[in-house]
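Subject: Structure to look through

Hi,

Here is the structure I promised to pass on. Have it open while you read, and my notes follow below.

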Amino acid sequence: MTTTTESATQQAVSGVAPVLTLRDINKSFGPVHVLQGVDLDVYPGQVTALVGDNGAGKSTLIKGIAGIHPFDSGDYTFDGVPVTVTNPKQANALGIEVVYQDLALCDNLDIVHNLFLGRELTHGGRLDEATMERRATETLAGLSVRTVRSVRQHVASLSGGQRQTVAIARSVIWNSRVVVLDEPTAALGVAQTEQVLKLVRRLADNGLGVVLISHNLNDVFEVADTVAVLYLGRMAAEVSVADVTRNQVVELITSGRSGQIGLQTTDDAAAAPLPELPALPALGDPTSADGVTP
Amino acid sequence: MTAPPVEASAAEGSPSAGPSGAVGSAMRDYVVRVRGGDAGSLPAVLGLLVLVVVFSVLKPSTFTNALNFSNLIHQSAAVIVIAMGLVFVLLLGEIDLAAGYTAGTAAAVMGIFATQRGWPWWVAILGCLVTGAVIGLFIGLLVARLGIPSFVVTLAMFLGLQGVLLKLIGEGGTVSIRESTELIAINNEDLPVTLGWILAVLTVAAYAYVTLRRATLRRAGGLQSPPNVVLLGKIVLVAVPVLAATAYLSIERSPRVDRVSIKGVPVVVVILLVLLVGLSFLLTRTAFGSHVYAVGGNAEAARRAGINVSQVKLTCFVIGATLAAIGGIMLASRNNSISPNTGGASTLLYAVGAAVIGGTSLFSGKGRVIDAVLGGLVIAVIINGMGLLNQPSSTVYMVTGAVLLVAASVDAISRRRAASTGRL
C-alpha cells in the first residue's frame, strides 16, 4: 500500500517510532462498511491532520481510537505494543485523550472541576481542591494560556476560544501521549482560531502526538506536519505536508487520488460508491422481461 | 465577533487590592455576581425577612412570641427534609412527585413496626429508612436504567404509594404512635437549655474553624483566598442568627408555666443541622457531589468524562427518597399518628416549592442543601402567619401559590441574566 511506504520513509527520516499505529482497521455499522483497511501512524512531537469529506469515516476512526466504538478488526499498536481498546477508560489509561467538537464541558462547574471531571483528586474521601487548583493553574501556564482570569470561573462565562482552551487543557493534564482534537476551530473567530492553533502546535512541541481533525485546509497547512486523507472509508494517503500542495489535498479529499498519490485505480473500482450498479442492468434485461409474459 | 467581555474585565477586581479595599472588592464581586444572575440565597433571605416583618407588624403579640417560633420550626421540619431530598433530584433535572407519599408510606411502616409489632423505636426508624431507600431504588432503576421520564415514573408512584399507604394503615384508619415516646420526642421535645447552648457554640466554633483553616491551607499552598475581614464577616453572619435563635429558644415559652415548662432548642433542630452539614459536605466536598452537578450541567459531557451517569441518577433518587422517609418520621412524630393524609395533600408541593424558593433551579445543575432550609422556612412562615391572621385556607393556598410563582420567576429571570452575562 502507498500509505505504508510513505510512513516508512517518514519514519526513516525523522528517526522516531510512531506512538500510535493502526493497521488494516475495519469497522462496520450494520451493513455499512465505514472503515476499510485503514492505516494510520501518529508520531510524537508531530501534528497529524486527519482530513476527509463528510462521511469519509473521520469520526468513526477517532471514536475507535478513543474506545467509544471499538474497531471490528485490525491492529492497534501503542508504543510498539499491540493493545486492545474497547472502552474510553482503556484509552485514557494508555494516555490517549480526545477533545470533542461539541466541547463536552459542564457550564455550571468552574474550570478546575471541568479539568478534573470524572477523575477528581480526593484525599480521604474529600476533594483535594487545593492540589487540583494548583495543577490546573500549572497546566494552563504550561500551555501559555494567559487569557483566563481565574481557574475558579464558571465555564459558562468563558469565550469560545477559552472554552476550547479548557477542553484542550483537560486532555493534557493527565500526562497524555496522544491528543485527538475534533475540529477545534470549527466555531471560532479569526483571532481565537489563531490562539487555538498556537496551542495545538505547542502540544506537539511538548512531545505529544497530536491528531487534528479539520475541514479547514488553512489550519492544516498552518500547524500540521503530516496530513492523512480519508476517502470513503479508506486511507487515501498519509503524507508529509511539505510534499503536497493544497490542491493535491483537495483532490485527495474529493476523489481519493491525485497524480501518483492516493488510492490505486483497482482500489478505486473496489471502493465504487454504488456496488449495486452492476445489478441494475439485470432489471432491464429483456430476457427477464420476456420471462414475465403472461 | 463580539469581544469576550471576560478578558476585558480581567484587569478590574485584581486580587492585589490592599486590605482596606479588600472588603470593598469582595462586596463589588458579590454585587456583580447577583446582578449576573447568581443570586444564591439572597432572594430567599430577603423574602423571609419581609414576611417576618410583615407578620410581626400585623400580629405582634402572637407571631413573634417564643412558642410560635418553636412551632414554626416543628411545622417546617418535615417539608425542609423532604425538600433536601428533592434538591438532589432537581439538580439532575429530574423530579420526584412521589416524595410526599414516600414519606407517608415509610412513616406507616415505622408506625406499624413500633405499635402493632411492638418493636423498639430504632428498629421502626430503620424500617422506615429502608422503605424509603427501596422506593428510591425502584424509581431510580426505572428512570436511570430503563429511561422512563422521572415525571411519569414518580407520577405513577404518587398514585401507587397512595394505595400502599391506605393498604398499610387500613381504609380510613390511622396508626397512632402516641405510646412510642421516643418517636413522639423527635419532633416535639426540646433539648435541655445547657445542651442547646453547648451545641450552638460548638456549631459556630466548628464553622469558624473550618472556614479559617481552609483559608490558611489555601494561602500556605500559594492559592488565592478571601481576605480575613470577609471570612470574619461570614462567620459573624452565621454566628449571630444561630446564637440569637438559641437564646430565644432558651427562654420559657410555656403558656401555663405552672403546669409544664417548655424551653430549649427542639431536638429536631439537631437532626436538621446534621443533615444540612452532612449533605452539604456530600454535594460540595466529595467527588460524588461534583458528579451530581456535572450530570445536571451536561450529562453527555459527564458520560464522556467517564462518570457513570445512571449510577449517579440512581443514587440521587435513593438519597431523595430516604430523606423523604426521614421527613415522614417528622410528620408522624408531629401528628402523633399516621393517617391516609400523611405526606399527602400539599406536602410534596410545599417541598418542591421550598427547594425552588430557596434558590434551587428547576433547570438542573444549580442548587444547594441550604436552599431547602431557607425555602422551607419561607413556606412555614407564610402558613403559620396566615393562620395567625385567621385567613381561610383558600387565601393561604393562593398566597403560597403566588410565592412559588415568584420564586420560579426569579429562577427563570436569573437564568436569563446568567445566559446573557455568561454565567449559569
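**A helix in chain B**

Helix H3 (residues 42-58) of chain B has 17 residues, which at 1.5 Å a residue should span 24 Å, and its end C-alpha atoms are indeed 24 Å apart. (The expected span is 1.5 Å times one less than the number of residues in the helix. Helices are DSSP runs of H or I with at least four residues, strands are DSSP runs of E with at least two, and both are numbered from the N terminus.)

Before going on, some housekeeping. This is a predicted model, in which local features need pLDDT of at least 70 and side-chain atom pairs count only at pLDDT 80 or more, while totals for chains, interfaces and linings use all residues. Residues are numbered from 1 along each chain as its sequence is written, and chains are lettered from A and ligands numbered from 1 in the order in which they are written.

Back to the helix: which residues of H3(B) are buried? They are Pro43(B), Ala44(B), Gly47(B), Leu51(B) and Phe55(B). Buried here means that 20 or more other C-beta atoms lie within 10 Å of the residue's own; exposed means 12 or fewer, partly exposed is in between, and the C-beta atoms are placed from the backbone. The buried residues cover an arc of only 95° around the axis, so they sit on the same side of H3(B). (The arc is that of the directions from the helix axis to the C-beta atoms.) On the other side of H3(B), the exposed residues are Leu46(B), Leu49(B), Val50(B), Val53(B) and Val57(B). A handy rule when you look at helices: an α-helix has 3.6 residues a turn, so residues three or four places apart point the same way.

**A helix in chain A**

Now for chain A, which has twelve helices and 14 strands. Buried residues make up 49% of its 294 residues.

Take helix H7 (residues 190-205) of chain A. H7(A) has 16 residues and reaches 23 Å from its first C-alpha to its last, close to the 22 Å expected. Its buried residues are Gln192(A), Thr193(A), Val196(A), Leu197(A), Leu199(A), Val200(A), Leu203(A) and Ala204(A). Seen down the axis, they fall within an arc of 155°, so they line one face of H7(A). Val190(A), Ala191(A) and Asp205(A) are exposed on the other side of H7(A).

What do the buried residues of H7(A) pack against? Their partners in chain A are strand E3 (47-52), helix H6 (160-172), strand E9 (178-182), strand E10 (209-213) and helix H8 (217-223). After H7(A) comes Gly207(A), with a positive phi near 100°.

**A sheet in chain A**

Next, find the open sheet of four strands in chain A, in the order E2-E1-E4-E5, with antiparallel pairing. (Two strands pair if DSSP finds at least two bridges between them.) Strand E2 (32-42) and strand E5 (81-82) of chain A stand at the edges with a single partner strand each, so one side of each has no neighbour in the sheet.

Strand E1 (residues 20-29) of chain A is joined to E2(A) by seven bridges. Lys27(A) has Leu35(A) as its bridge partner in E2(A), and Phe29(A) stands opposite Val32(A). E1(A) and E2(A) make a hairpin with two residues between them, and Gly30(A) in the turn has a positive phi of about 60°. E1(A) also pairs with strand E4 (residues 73-78) of chain A, antiparallel over five bridges; there, Leu22(A) has Tyr76(A) as its bridge partner.

**Where the chains touch**

How many residues does each chain bring to the contact? Chain A gives 30 residues and chain B gives 30 residues. (Two residues are in contact if their C-beta atoms, placed from the backbone, lie within 7 Å.) On the chain A side, helix H3 (88-94), strand E8 (126-127) and helix H5 (129-142) each supply at least two residues. H5(A) has the largest share, three residues.

For one spot to zoom in on, try Arg285(B) in helix H12 (residues 267-285) of chain B. Arg285(B) counts as partly exposed because it has 15 C-beta neighbours inside 10 Å. Apart from its neighbours within four places in sequence, Arg285(B) is in contact with Arg126(A) and Leu127(A).

Happy exploring!
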